[in-house]
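Here is my notebook from a first walk through this structure. Come along and keep the viewer open as you read.

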Amino acid sequence: MRVLIMGGDGYLGWPTAMALAAKGHDVHVVDNYLRRTLAQQTQSEALMPNPNLHDRAALFRSASDAEIGVHIGDVANYRTLEHIFQEFQPEAVVHYAEQPAAPYSMIGFEQASLTLNNNLNATLNLIWAVLEHAPDCHIVKLGTMGEYGTPNIDIEEGWIEVEHKGRKETFLYPRAAGSLYHTTKVLDTDLLWFYVRTYGLRVTDLMQGPVYGLSTDESDLDGRLLPNFHYDDIFGTVVNRFLVQAVAGVPLTVYGKGGQVRGYLNLRDTLQCVELAMTHPAEKGQLRILNQFTETFSVNELAERVQRVGNEMGLDVQVQSIDNPRKEKEEHYYNPVHSGLLDLGLQPTYMTDAIVAGMLEQILPYKERIDTKKILPRVRWK
Ligand code: USQ
């Protein structure tokens, strides 16, 4: 398939581009390096050096013979995206082109405004580029499990049937996001739903949990093909942060009571899920919502696991509960359905001790690059 990846430089975008190109798809990526720029501005650079997109594509071509087309540009500018659509005529678009960090969106007004404008404009522009230039194109949009929040009832896959005064109707499952970033994803879903029901677009909205890991079949070909791996308090996600903290000898930063439960998945499974969604497209006029994670853990369970495996490897891993910088429930019910992607054929990569040990081994050679000043929370929800 001809696939356009919006946000092709990111932690997920670049590994996705390589995986799809390696499978024989015709892949084109677009990115304006927003994530790299914001990381520099906030002193939150990734752990490994990451060559720019043109260099990465050239390295990947010599390692694999597969081609990835690169366009440096801002999809929040409609003319840029329209031009790419006219030239490339994608059959599917994978949309990662958003400011992805909850803490970044909570720093202050400028960061909130950037997050809202970037994320909503990228989605609106994509919708219009499809409407005007490729009406059969399937949109695969990355949403987040955080759209649902942590309600005291089971979380369905996107939709819920409500019975009210003897009558029934199906609605989008209620949303209650915990940051401005997560709220932009709720707004994205509503925007997509409006255009799906009004103009018959075909859309898959993937409600993804926090992703962990850095190894994929393609990134293992050459260390310079590794994803942008963040461990800082702003762009780093919890598992990746704990792994780096374990290697650095910094106590694992459990926020508050540590009873926060989320649905997690290995980076390799993100690649599987996106390809499964892409090769099994939604119908025209369908907003298909799939919950994208493979297993749930509390923060305490994650910390205990990283500590145990790290100590078995000879590291001295301590765990420390610190004041929670976020406003979130620290003890709660959590039972989300996640059968849709399994039904499409997902083969989960569970977080075994061997997987945790493998990730620690991969990080150890970069120990000297870890900047411990980037670890403790610098952003508060207050
Ligand atoms: N947490 C800690 N200690 C840390 C970092 C995080 O206890 O050092 C806790 C957080 O308070 C939270 C949980 O771990 O309860 C997950 O935090 P996270 O930073 O790993 O994930 P989050 O901010 O929710 O965002 C990440 C990605 C985002 C994606 C989302 C999926 O940055 O792009 O949408 O995961 S989800 O969490 O399901 O909404």
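**Entry 1, a term to begin with.** Before looking at how a helix lies on strands, I noted how angles are taken: axes are lines fitted to C-alpha atoms, and angles run from 0 to 180 degrees between N-to-C directions. I also reminded myself that this is a predicted model.

**Entry 2, the three-stranded sheet.** With that term in hand, I looked up helix H10 (residues 299-312), which lies across E11 and E13 and runs at about 90° to E13. These strands belong to an open sheet of three, ordered E9-E11-E13, with mixed pairing. I found strand E9 (211-212) and strand E13 (295-298) at its edges, each pairing on one side only. Strand E11 (residues 261-266) and E13 run antiparallel and are joined by four bridges. Across from glycine 263 I found threonine 296 in E13.

**Entry 3, the seven-stranded sheet.** Next I traced an open sheet of seven strands, whose order is E3-E2-E1-E4-E5-E8-E12 and whose pairing is parallel. Which strands stand at the edges? They are strand E3 (68-72) and strand E12 (286-292); each has a single partner strand, so one side of each has no neighbour in the sheet. On average, neighbouring strands here are turned by 20° against each other, direction ignored. I then zoomed in on strand E1 (residues 2-6) and strand E4 (residues 92-95), which run parallel and share four bridges. Valine 3 has alanine 92 in E4 as its bridge partner.

**Entry 4, helices on that sheet.** Helix H1 (residues 13-22) packs on the sheet, where it touches E1, strand E2 (26-31) and E3. The direction of H1 makes about 170° with that of E1. Helix H4 (residues 78-88) lies across E1, E2, E3 and E4, at about 165° to E1.

**Entry 5, how enclosed is H1?** I checked burial along H1: nine of its ten residues are buried, so the helix is largely enclosed by the rest of the structure. Among the buried ones are Trp14, Met18 and Leu20. Their cover includes E1, E2, helix H3 (53-64), E3 and helix H9 (267-279). Just after H1, I spotted glycine 24 with a positive phi of about 100°.

**Entry 6, the cores.** The largest nonpolar core has 70 residues, and Ile5 and Ile68 have the most contacts inside it. A second, separate core has 37 residues, including Leu81, Phe88, Leu126 and Val196. Back at isoleucine 5, I listed what it touches beyond four places in sequence; among them are Ala17, Leu20, Val29 and Tyr96.

**Entry 7, around the ligand.** Which residues come nearest to the ligand? Of the 21 around it, they are Thr144, Tyr181, Thr253, Arg326 and Glu328. I looked up some distances to ligand oxygen atoms. A polar side-chain atom of threonine 144 lies 2.6 Å from one. An N or O atom in the side chain of glutamate 328 is also 2.6 Å from a ligand oxygen. For proline 100, a polar backbone atom is 2.8 Å from a ligand oxygen.

**Entry 8, a histidine in a loop.** Histidine 332 sits in the loop between strand E14 (319-322) and helix H11 (340-344). Is histidine 332 buried or exposed? Its relative accessible area is 17%, and the cut-off for buried is under 20%, so histidine 332 counts as buried. Beyond four places in sequence, histidine 332 touches Thr150, Gly259, Gln260, Val261 and Arg262. One polar atom of its side chain lies 3.0 Å from the backbone nitrogen of valine 261.

Notes
Residues are numbered from 1 along each chain as its sequence is written. This is a predicted model: local features need pLDDT of at least 70, side-chain atom pairs count only at pLDDT 80 or more; totals for chains, interfaces and linings use all residues. Side-chain values use heavy atoms; hydrogens and water are left out. A nonpolar core is a set of buried Ala, Val, Leu, Ile, Met, Phe, Trp, Tyr and Cys residues joined through side-chain atoms within 4.5 Å. Buried means under 20% relative accessible area, exposed over 50%, partly exposed in between (1.4 Å probe, protein chains only). Contact means heavy atoms within 4.5 Å. Two strands pair if DSSP finds at least two bridges between them. A residue is near a molecule or strand if one of its heavy atoms lies within 4 Å of it. A polar contact is a pair of N or O atoms within 3.5 Å; within protein, one must be able to donate a hydrogen and the other to accept it, and residues adjacent in sequence count only if both atoms are side-chain atoms.
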